[in-house]
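Here are my notes on this model, as numbered points. Please read them with the structure open.

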Amino acid sequence: MYQTIMDYIETHQESLIENVKKLVSIDSTNPGVFEKEAAAELQTQLRAAGISFEIYEPFEKRVSVLARMDASQSQGGLLFNGHLDVVPTGDLSQWESDPFKPEIRNGRLYGRGSTDMKGGVAAFAFAMKAVKECGAVLKKPVYLHAVADEECGGRAGTVHLMENHRIPSVDMAVTGESSTFKGEMALVRTCAGIAAIVIRSHGKSAHASKPYEGNNAVLNMARVMLAIQDSFKVPESSVDPLLPAPTFAVGTQIKGGLKVNIIPEYCEAMMDLRTNPGMTKDGVEAQLREIIQKVREEHPEVNAEAECTMWDNAALLDEDSFAVQKGKEAIRRAVGYEPECKMRSGATDARFLNDLVPCLVAYGPGDALIGNIHGSNESVGIRDLVNWAKAYANLILGVCGDGDANE
Ligand SMILES: [Zn+2]
């Protein structure tokens with residue numbers, strides 16, 4: 001059955017390319033026009049493939065498409081997660097062709113979203129279609145979530161689905177973010193977490209000619225920031241060879257004071273933290289409270305607090321986990337070589353999904369090194385697209401197939 005499906009994808013690749021082109025030709029810039037039109041095109045493709053789906057629209061124009069293939073069992077299975085939104089095109093004069101008029105040159109399809117990630121979304125849907133058309137027997141269900149809002153934090157997409165209990169309890173999930181490296185298919189199983197911290201310093205205003213009557217919130221902030229810089233502890237080494245060591249940057253943004261001749265009563269500073277799976281929001285906030293308390297012991301005029309305003313978990317799947325092993329097997333069956341796990345910068349929706357189901361951080365078409373993701377002349381390799389559609393179909397069989405029936 002594996003061979004039958006791969007042959008199907010090989011001989012029907014024109015229709016996959018056509019589907020990618022149609023999705024790329026619809027502007028779904030976020031922020032901007034958003035996903036509704038692109039979602040409508042995907043619905044057309046799913047309908048043509050006979051795959052059932054529903055629409056999820058928590059806010060106007062913010063559409064996610066939730067598709068599924070049922071099986072003999074209702075539990076477990078596989079979830080494909082991809083996003084329909086794209087980042088803005090940037091300076092149009094830097095593009096060799098219109099970003100929304102997909103063009104094929106030298107074996108690559110150019111256009112905004114070709115890699116990130118309409119190529120992946122189309123390949124997911126095409127793999128499902130191929131499995132269906134070839135009559136494979138499924139024991140467990142397959143889900144495709146083509147979501148809104150990945151490029152701006154996921155709150156109108158994957159996060160909304162999670163908060164409203166719409167993530168199925170599958171055996172594993174993948175995001176279709178690019179994980180081909182100079183033509184070589186690979187997997188990404190880790191990504192660092194991101195946190196933003198705001199420090200607020202409160203003082204008392206006064207005329208600048210009488211500074212002793214006020215309490216300078218900016219000066220106090222300086223003491224707090226330097227203390228954090230000197231004594232905040234992040235783990236020095238990483239918990240996994242594919243994760244960078246955590247970092248923090250104090251004072252990446254600061255506001256305070258109204259006028260040169262007024263003692264400032266308020267100051268606010270930001271701090272950026274890149275985390276490891278072992279770090280927690282509560283732990284970070286507690287450490288900051290302790291540092292500020294120490295500053296106050298020497299400088300009681302300091303009145304400051306720190307709050308974590310954003311916390312996105314790090315993601316980590318072990319090399320020998322079920323999801324990584326199944327992901328490798330599906331690629332091996334598609335292209336005949338053993339894929340490696342690689343490091344890739346940039347967070348994906350996997351950082352949310354991983355709280356609920358084991359999810360590969362990036363597993364999809366588009367070249368993380370030469371695809372120019374988020375830049376001008378973004379592109380995806382045609383061969384790469386076809387190979388990933390095969391890997392996805394193999395993954396469906398590997399995770400959801402009825403082994404014996406599909407031999
Ligand atoms: Zn993406």
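1. Start at L78. Across from L78, in strand 6, stands V142. In strand 7, L78 stands opposite M172. Keep in mind that this is a predicted model.

2. L78 belongs to strand 3, residues 78-83. Strand 3 pairs with strand 6 (residues 142-147) in the parallel sense, over six bridges. Strand 7 (residues 172-175) also runs parallel to strand 3, and four bridges join the two.

3. Is strand 3 covered on its faces? Both faces are covered. L78, F80 and G82 are buried on one side. L79, N81 and H83 are buried on the other. The count for strand 3 is six buried residues of six.

4. Now the overall frame. The protein has ten helices and 19 strands. Its C-alpha trace spans about 85 × 45 × 35 Å along the principal axes. Of its 407 residues, 47% count as buried. Among contacts with a separation of 6 or more, 79% are between residues 24 or more positions apart.

5. The chain is divided into two domains. Domain 1 covers 2-189 + 317-400, and domain 2 covers 193-312. Their C-alpha centres lie 39 Å apart. The contact between them takes five residues from domain 1 and four residues from domain 2. On the domain 1 side, three of the touching residues are nonpolar, two are charged and none is polar.

6. Look next at the open sheet of four strands. The order is 13-15-11-16, and the pairing is antiparallel. Which strands sit at the edges? They are strand 13 (247-256) and strand 16 (304-312), each pairing on one side only. Neighbouring strands of this sheet are turned by 20 degrees against each other on average, direction ignored.

7. Take one pair from that sheet. Strand 13 and strand 15 (residues 266-275) are antiparallel partners over eight bridges. V250 stands opposite M271 of strand 15.

8. Helix 7 (residues 281-298) lies across three strands of the model: strand 11 (193-202), strand 15 and strand 16. Against strand 16, helix 7 runs at about 160 degrees.

9. K204 deserves a look. K204 is found in the loop between strand 11 and strand 12 (206-207). Is K204 buried or exposed? Neither label fits: K204 has 15 C-beta neighbours inside 10 Å, so it counts as partly exposed. Buried would need 20 or more, and exposed 12 or fewer.

10. K204 also makes contacts across the sequence. Leaving out residues up to four places away in sequence, K204 touches G214, N215 and E265. K204 and E265 are 61 residues apart along the chain, yet their C-alpha atoms are separated by 4.4 Å.

11. Finish with helix 10 (residues 382-400). How does its span check out? At 1.5 Å a residue, its 19 residues should span 27 Å. The end C-alpha atoms of helix 10 are 27 Å apart, which agrees.

12. Burial of helix 10 is worth noting as well. Of its 19 residues, 17 are buried, so helix 10 is largely enclosed by the rest of the structure.

How values were computed. Residues numbered from 1 in each chain as written. Predicted model: local features only at pLDDT ≥ 70, side-chain atom pairs only at ≥ 80, totals over all residues. Expected span 1.5 Å × (residues − 1). Pairing = 2+ DSSP bridges. Axes fitted to C-alpha atoms, helices over the stretch in contact; angles between N-to-C directions. Contact = placed C-beta atoms within 7 Å. Domains from an automatic or database assignment. Nonpolar A, V, L, I, M, F, W, Y, C, P; charged D, E, K, R; others polar.
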